[in-house]
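Dear colleague,

Please find the structure we discussed below. My notes on it follow, and I would be grateful if you would read them with the model open beside you.

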Amino acid sequence: MLLQARILMRRAARTDKNQRAIVAALRNAGCSVLSLAAIGQGCPDLLVGHRRTNTLLEIKTAKGAANEKQRAWAQAWDGQCSIVRTPEEALLAVMGNDD
């Protein structure tokens, strides 16, 4: 039984160094933020709600690039997903210019 539990458990998802600052900026702006990092399989890092609209965000560091699973997920997804690197980029992706 213990062996089965180990097989079914996914290792803790790694997050980019800048994710904490991005999440804080979004929440301070009144957004709802849900981490999707534990899903893995190329799924974006965050689901953000603002003014009844949902936005998917993939967080990358300054030099980070999407990996193969992330590119495949984005290509298969028939919806929006933005790559952001800074709190300012995240706010712009979610809120546009409506400050």
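**Strand S4 and Val84**

Val84 is found in strand S4. Please bear in mind throughout that this is a predicted model. With a relative accessible area of 1%, Val84 falls under the 20% limit and therefore counts as buried. Leaving aside neighbours within four places in sequence, Val84 is in contact with Ile22, Leu57, Glu58, Ile59, Lys60, Glu89, Ala90 and Ala93. One of these partners, Ile22, is 62 residues away along the chain, and the C-alpha atoms of the pair are separated by 9.0 Å.

**The chain as a whole**

The protein chain has four helices and four strands. Read from the N terminus, their order is α-α-β-β-β-α-β-α. Of its 99 residues, 32% count as buried. Among contacts with a separation of 6 or more, 52% are between residues 24 or more positions apart.

**Helices H2 and H4**

Helix H2 spans residues 19-28 and helix H4 spans residues 87-95; the two pack with their axes 8 Å apart, at an angle of about 45°. Is this arrangement parallel, perpendicular or oblique? An angle between 35 and 65 degrees is classed as oblique, and H2 and H4 are therefore oblique to each other. Their crossing is right-handed.

Which residues make up the packing of H2 with H4? From H2 come Ala21, Ile22, Ala25 and Leu26, and they meet Pro87, Ala90, Leu91 and Val94 of H4. Sorted by class, this contact has eight nonpolar residues, with no polar and no charged ones.

**The nonpolar core**

The largest nonpolar core has 13 residues, and those that touch the most other members are Ile22, Leu26, Val33, Leu46, Val48, Leu57 and Val94. At least two residues of this core are supplied by each of H2, strand S2 (46-50), strand S3 (53-59) and H4.

Ile22 deserves a separate entry. Beyond its neighbours within four places in sequence, Ile22 is in contact with Leu46, Ile59, Val84, Arg85, Thr86, Pro87 and Ala90. Pro87 and Ala90 also appear on the H4 side of the helix packing described above.

**Two residues of strand S3**

Ile59 is placed in strand S3. Is Ile59 buried or exposed? Its relative accessibility is 0%, so Ile59 counts as buried. Not counting residues up to four places away in sequence, Ile59 touches Asp16, Asn18, Gln19, Ile22, Asp45, Leu46 and Val84. The C-alpha atoms of Ile59 and Ala90 are separated by 8.6 Å, with their positions 31 residues apart along the chain.

Thr55 also lies in strand S3. At 5% relative accessible area, Thr55 is buried. With residues up to four places away again set aside, Thr55 touches Leu46, Leu47, Val48, Gln80, Ala93 and Val94. Leu46 is thus a partner of Thr55, of Ile59 and of Ile22.

**Residues in loops**

Thr86, one of the partners of Ile22, is found in the loop between strand S4 (82-84) and H4. How far apart are the C-alpha atoms of Thr86 and Thr61? They are separated by 8.0 Å, while the two residues are 25 apart along the chain. The relative accessible area of Thr86 is 28%; this value lies between the limits of 20% and 50%, so Thr86 is partly exposed.

Two further loop residues may be of interest for their backbone angles. Gln41 is not a glycine, although its phi is positive, at about 60°. Gln41 sits in the loop between strand S1 (32-35) and S2, and at 59% relative accessibility Gln41 counts as exposed. Arg51 is likewise a residue other than glycine with a positive phi, in this case near 50°. Arg51 is found in the loop between S2 and S3. The relative accessible area of Arg51 is 60%, which is over 50%, and Arg51 is therefore exposed.

**In brief**

The points I would ask you to look at first are the oblique, right-handed crossing of H2 and H4, the 13-residue core, and the positive phi values of Gln41 and Arg51.

With kind regards

Notes
Residues numbered from 1 in each chain as written. Predicted model: local features only at pLDDT ≥ 70, side-chain atom pairs only at ≥ 80, totals over all residues. Heavy atoms only, no water. Axes fitted to C-alpha atoms, helices over the stretch in contact; angles between N-to-C directions. Parallel < 35°, antiparallel > 145°, perpendicular 65-115°, else oblique. Left-handed = near helix turned anticlockwise from the far one by under 90°. Contact = heavy atoms within 4.5 Å. Nonpolar A, V, L, I, M, F, W, Y, C, P; charged D, E, K, R; others polar. Core = buried A, V, L, I, M, F, W, Y, C linked by side-chain atoms within 4.5 Å. Buried < 20%, exposed > 50% of the residue type's maximum accessible area, 1.4 Å probe, protein only.
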